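This briefing covers the pockets, the cores and the overall layout of one protein chain. Please look over the sequence and the structure first.

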Amino acid sequence: MGVSGGEEGARNGPSLMPGGHVDAYNNIRDILEKAAAQTEDGACVTFVGPGGAGNFVKMVHNGIEYGDMQLIAEAYDVLRRVGGLSNSEIADVFAEWNKGELESFLVEITADIFTVADPLDGSGGALVDKILDKTGMKGTGKWTVQQAAELAVAAPTIAASLDGRYLSGLKDERVVAAGVLEEEGMPAGLLETINVDKKVLVDRVRQALYASKICSYAQGMNLLRAKSVEKGWNLNLAELARIWKGGCIIRARFLDRIKRAYDRNPELANLIVDREFAREMVQRQNAWRWVVARAVEAGISTLGMTASLSYFDTYRSSRLPANLIQAQRDLFGAHTYERIDRQGSFHTEWNKLARRSNGAAI
């Protein structure tokens, strides 16, 4: 059984994701419903599916959590380094964001983190500034990315968050790299100063965070659906969104809307094409692009936001440059290709035809 909630969940009820045999679940259903977190939609527990379905769903929950945390950290970094916001200002920003569309457990605790003074330093400095920038992990994010690769499900936001943790672990190497590159002319600080009103910056980062967050959840839900198809689990994605509304680490206001999206269309290909979410993505894309572009110009790493934006742009493209990649594969490995104007698989002797063309041109 998957369990999420941390210390608070242990005290006030977690989100429970039991799998296995439905008869076994029914034997302890009353106990689990009383132990689970409670919301206006009921207890945050449901029979997920047979076999290891419950543990798999919990694993993907954690993968989405990785993405969420990475995106929030990037939002903080942009606010701090581009806007020059102080810790108290950042606390206020996250507290305000938690009153709107970004309302969630992770945004709420982020606001709290920036109000805590270092208990070992009497100067009153923020504790968060004394924490080593080196992220730990237990493995569920890695397993999520491995499963996404096995099932051919694109999950670049979650993968980027995992890469971010790996790179954070290279603290000593990063310090050396910063010194070497600075000696070769790389500025130590921002590559470019961005002049922007703080309120404008805060609003644009909010929109970028929200749009990126949708992509992270979309990737996680698509992975769940793919595994469900492979295993015949018949996962109810709307019901999973419901039980994540309370108790768990990724609980958030917009899970209500994810539930409604899958209620409207249980076969929804991607959250991005649900009409409500599609409208919001389009409305926020300009701010999203602005934040990512300014971060790139300033030399600020935004692995998650950039991956999310690239995912969005790739998914919405009716024509990709994959035609060239397939031509290359056919040239060096005779892997064949399909055409847009006729049925079937084709192979071309590219080198032979290229030599003829070059000879004719001469």
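H3 gives the largest share of the lining of the largest pocket, with 10 residues. The model is a predicted one. The largest pocket holds about 2,000 Å³ of space, and the second largest holds about 320 Å³. The chain falls into two domains, domain 1 (2-316) and domain 2 (323-360).

**Largest pocket**

- The space in the largest pocket comes to about 2,000 Å³.
- A total of 45 residues line this pocket.
- Closest to its centre are Ala73, Tyr76, Asp77, Asp133 and Ser168.
- H3, H5, helix H7 (156-168) and helix H8 (171-183) each put at least two residues into the lining of the largest pocket.
- By class, that lining counts 25 nonpolar, nine polar and 11 charged residues.

**Second largest pocket**

- The second largest pocket contains about 320 Å³ of space.
- Its lining has 13 residues, and Arg319, Asn323, Glu338, Arg339 and Ile340 are the closest to its centre.
- Helix H14 (322-333) and strand S5 (337-338) each supply at least two lining residues of the second largest pocket.
- H14 gives the most to this lining, with four residues.
- The class split for the second largest pocket is six nonpolar, three polar and four charged residues.

**Closed cavity**

- How many cavities of 30 Å³ or more are there? The count is one.
- The largest cavity has a volume of about 30 Å³.
- Asp68, Ile72, Leu102, Val107, Leu209 and Lys213 form the lining of the largest cavity.
- H3 and H9 each provide at least two residues of the lining of this cavity.
- Four of the residues lining the cavity are nonpolar, two are charged and none is polar.

**Nonpolar cores**

- The largest nonpolar core has 84 residues.
- Trp97, Leu224, Trp244, Ile258 and Leu271 have the most contacts inside this core.
- Elements that give two or more residues to the core include helix H3 (53-81), helix H4 (87-97), helix H5 (105-113) and helix H9 (198-231).
- Also giving two or more are helix H10 (237-243), helix H11 (255-264), helix H12 (275-298) and helix H13 (303-315).
- H9 supplies the largest share of the core, 14 residues.
- Which residues does Leu224 contact, leaving aside its neighbours within four places in sequence? They are Phe56, Val57, Val60, Leu235, Leu237, Leu240 and Trp244.
- A second, separate core has six residues, among them Leu16, Leu32, Ala43 and Val45.

**Domains and overall layout**

- The C-alpha centres of domain 1 and domain 2 are 42 Å apart.
- The chain contains 15 helices and six strands.
- Its C-alpha trace spans about 80 × 60 × 40 Å along the principal axes.
- Of the 362 residues in the chain, 45% are buried.
- Among contacts with a separation of 6 or more, 67% are between residues 24 or more positions apart.

**Positive phi outside glycine**

- Asn234 has a phi near 60°, a positive value in a residue other than glycine.
- Asn234 sits in the loop between H9 and H10.
- Is Asn234 buried or exposed? Asn234 is exposed, because its relative accessible area of 68% is over 50%.
- Ala334, another residue other than glycine, has a positive phi near 50°.
- Ala334 belongs to the loop between H14 and S5.
- Ala334 has a relative accessible area of 46%, which lies between 20% and 50%, so Ala334 counts as partly exposed.

**Points to keep in view**

- For the largest pocket, start from H3, which gives 10 residues of the lining, and from Tyr76 and Asp77, two of the residues closest to the pocket centre.
- For the second largest pocket, start from H14, with four lining residues, and from Arg319 and Asn323, two of the residues closest to that centre.
- For the largest core, start from H9, with 14 residues, and from Leu224, one of the residues with the most contacts inside the core.

Technical notes
Residues numbered from 1 in each chain as written. Predicted model: local features only at pLDDT ≥ 70, side-chain atom pairs only at ≥ 80, totals over all residues. Heavy atoms only, no water. Core = buried A, V, L, I, M, F, W, Y, C linked by side-chain atoms within 4.5 Å. Buried < 20%, exposed > 50% of the residue type's maximum accessible area, 1.4 Å probe, protein only. Contact = heavy atoms within 4.5 Å. Domains from an automatic or database assignment. 1 Å grid on protein atoms, 1.4 Å probe; cavity = no way out; pocket = protein on both sides within 12 Å on 5 of 7 lines; lining within 4 Å. Points joined across faces, edges and corners; volume = space filled by probe spheres on them. Nonpolar A, V, L, I, M, F, W, Y, C, P; charged D, E, K, R; others polar.
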